[in-house]
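Colleague: I have a structure here that I have not looked at before. Can you walk me through it?

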Amino acid sequence: MRGYIGVDVGSVSTNVVAIDDEVNVIEKVYLRTQGQPIKVVQEGLKAIAEKCGDIEIAGAGTTGSGRRLASVIVGADCVKNEITAHAIAASHAVPGVQTVFEIGGQDSKIIILRNGVVIDFAMNTVCAAGTGSFLDHQAMRLNIPIEQFGDLALKAEVPVRIAGRCAVFAESDMIHKQQMGHRIEDIVCGLCEALVRNYLNNVGKGKDILPPVVFQGGVAANAGMKRAFEKALGEAVIVPEHYNVMGAIGAAILAAEEVKRRGTKTLFRGFEVVDDDFEARSFECKGCPNRCEVINIIRDGDTIARWGDRCGKWEAL
């Protein structure tokens, strides 16, 4: 079987997928990055290799905040930003999609498409309310497994209104509502609605939100958040089957397109890289007042990539 690898390295999670020529997901792996992107990318590739058997990889793509590092490890044919990768994956999952909500562990974004083209987007800035990490924290504080958080919200009878304009206010207001004796289901539902208001008022501010609306990212697993979005918008919100690895799927699709466009063999290094010794080192260039931090990526003692200098002095190996 022939397949394409997509890797999405974020600050909280690292996702690796393998798709076939028809963009069917052959295998997917969702891992916690835990501040060790090199190790986790290797673990993801190893898991994919074990699950896929003798799959022939014809292309590889990377995205996410660690996309450049991941591209060096895997040997990527295509390196793309998260906005493009998520938009491409959403368009394949839901043809004609016009709005994409993406909420991950540390960031959230909205992507506006028209006729399959991204025309606008926005990402959260300083406020952490509405992200997966904030929900994880509140679930832990309430002693509720995060997997049950959404289902609990669906059992609410009279959701309480919680101030969700920032993470600090939301948490203190939620504690206040607990002290007033509100049911836990109503508080959890109220929190979901507060986070949705925060998202729409900050990330989605001024955006023309039109259906179909796709909701993806790890938080899309929360049924309470999906219903809160539908209540606020008065529209159905679609959660695609592979909602938590859409960035990696988009990277794999883009890699497949790039290899076919180029008409050459893939740059993928092979699954053998899971046993290689990769290391990142940096130094400050003192060649000019910019004092750039130059990053070296070393594999088994050899420098294989270098970036970070504004003038390009160090990029040539």
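Modeller: Yes. Keep in mind that this is a predicted model. Take F149 as a starting point: leaving aside its neighbours within four places in sequence, F149 is in contact with L135, A139, L142, I144, V188, L191, C192 and N222.

Colleague: Which residues touch the most other members of the largest nonpolar core?

Modeller: F149 is on that list, together with F101, L191, Y199, F215, M225 and F229. The core has 37 residues.

Colleague: Which elements supply at least two residues of this core each?

Modeller: There are strands and helices among them. The strands are β6 (99–103), β7 (108–114) and β9 (213–216). The helices are α4 (132–141), α5 (146–154), α6 (167–179), α7 (184–202) and α8 (223–233). Of these, α7 gives the most, with 10 residues.

Colleague: What lies apart from it?

Modeller: Another core, of 29 residues. Its members include I57, A60, V74 and A305.

Colleague: Changing topic to pockets. What volume does the largest pocket have?

Modeller: About 790 Å³. The lining of that pocket has 39 residues, and those nearest the centre are Y30, G104, G105, G218 and V219.

Colleague: Which elements give two or more residues to that lining?

Modeller: Three strands, β1 (2–9), β2 (13–19) and β3 (25–32), and the helices α3 (82–93), α4, α5 and α9 (246–262). The largest share comes from α5, with five residues.

Colleague: And how do the lining residues of the largest pocket divide into nonpolar, polar and charged?

Modeller: The lining of the largest pocket has 18 polar residues, 12 nonpolar and nine charged.

Colleague: Now closed spaces. How many cavities of 30 Å³ or more does a search of the whole structure find?

Modeller: One. The largest cavity has a volume of about 40 Å³.

Colleague: What lines the largest cavity?

Modeller: A153, C189, E193, G224, R227, A228 and K231. Two elements, α7 and α8, give two or more residues to this lining. The most comes from α8, with four residues. By class, the lining of the largest cavity has three charged, three nonpolar and one polar.

Colleague: On to the cysteines. How many disulfides does the structure hold?

Modeller: Zero.

Colleague: Why is C78 too far from C52 for a bond?

Modeller: Because the sulfur of C52, the closest cysteine sulfur to that of C78, is 20 Å away. A disulfide needs the two sulfur atoms within 2.5 Å.

Colleague: What about C292, and which cysteine sulfur is nearest to it?

Modeller: That of C288, at 5.8 Å, and C292 is in no disulfide.

Colleague: Is C292 buried or exposed?

Modeller: C292 is buried, because its relative accessible area is 11% and the cut-off for buried is under 20%. C78 also counts as buried, at 10% relative accessibility.

Colleague: One last residue. Where is A49 found?

Modeller: In helix α1, which covers residues 37–52.

Colleague: What is the relative accessible area of A49?

Modeller: A49 has 22%, so this residue is partly exposed. The range for that class runs from 20% to 50%.

Colleague: And how are A49 and G61 separated?

Modeller: They are 12 residues apart along the chain, and their C-alpha atoms are separated by 16 Å.

Technical notes
Residues numbered from 1 in each chain as written. Predicted model: local features only at pLDDT ≥ 70, side-chain atom pairs only at ≥ 80, totals over all residues. Heavy atoms only, no water. Core = buried A, V, L, I, M, F, W, Y, C linked by side-chain atoms within 4.5 Å. Buried < 20%, exposed > 50% of the residue type's maximum accessible area, 1.4 Å probe, protein only. Contact = heavy atoms within 4.5 Å. 1 Å grid on protein atoms, 1.4 Å probe; cavity = no way out; pocket = protein on both sides within 12 Å on 5 of 7 lines; lining within 4 Å. Points joined across faces, edges and corners; volume = space filled by probe spheres on them. Nonpolar A, V, L, I, M, F, W, Y, C, P; charged D, E, K, R; others polar.
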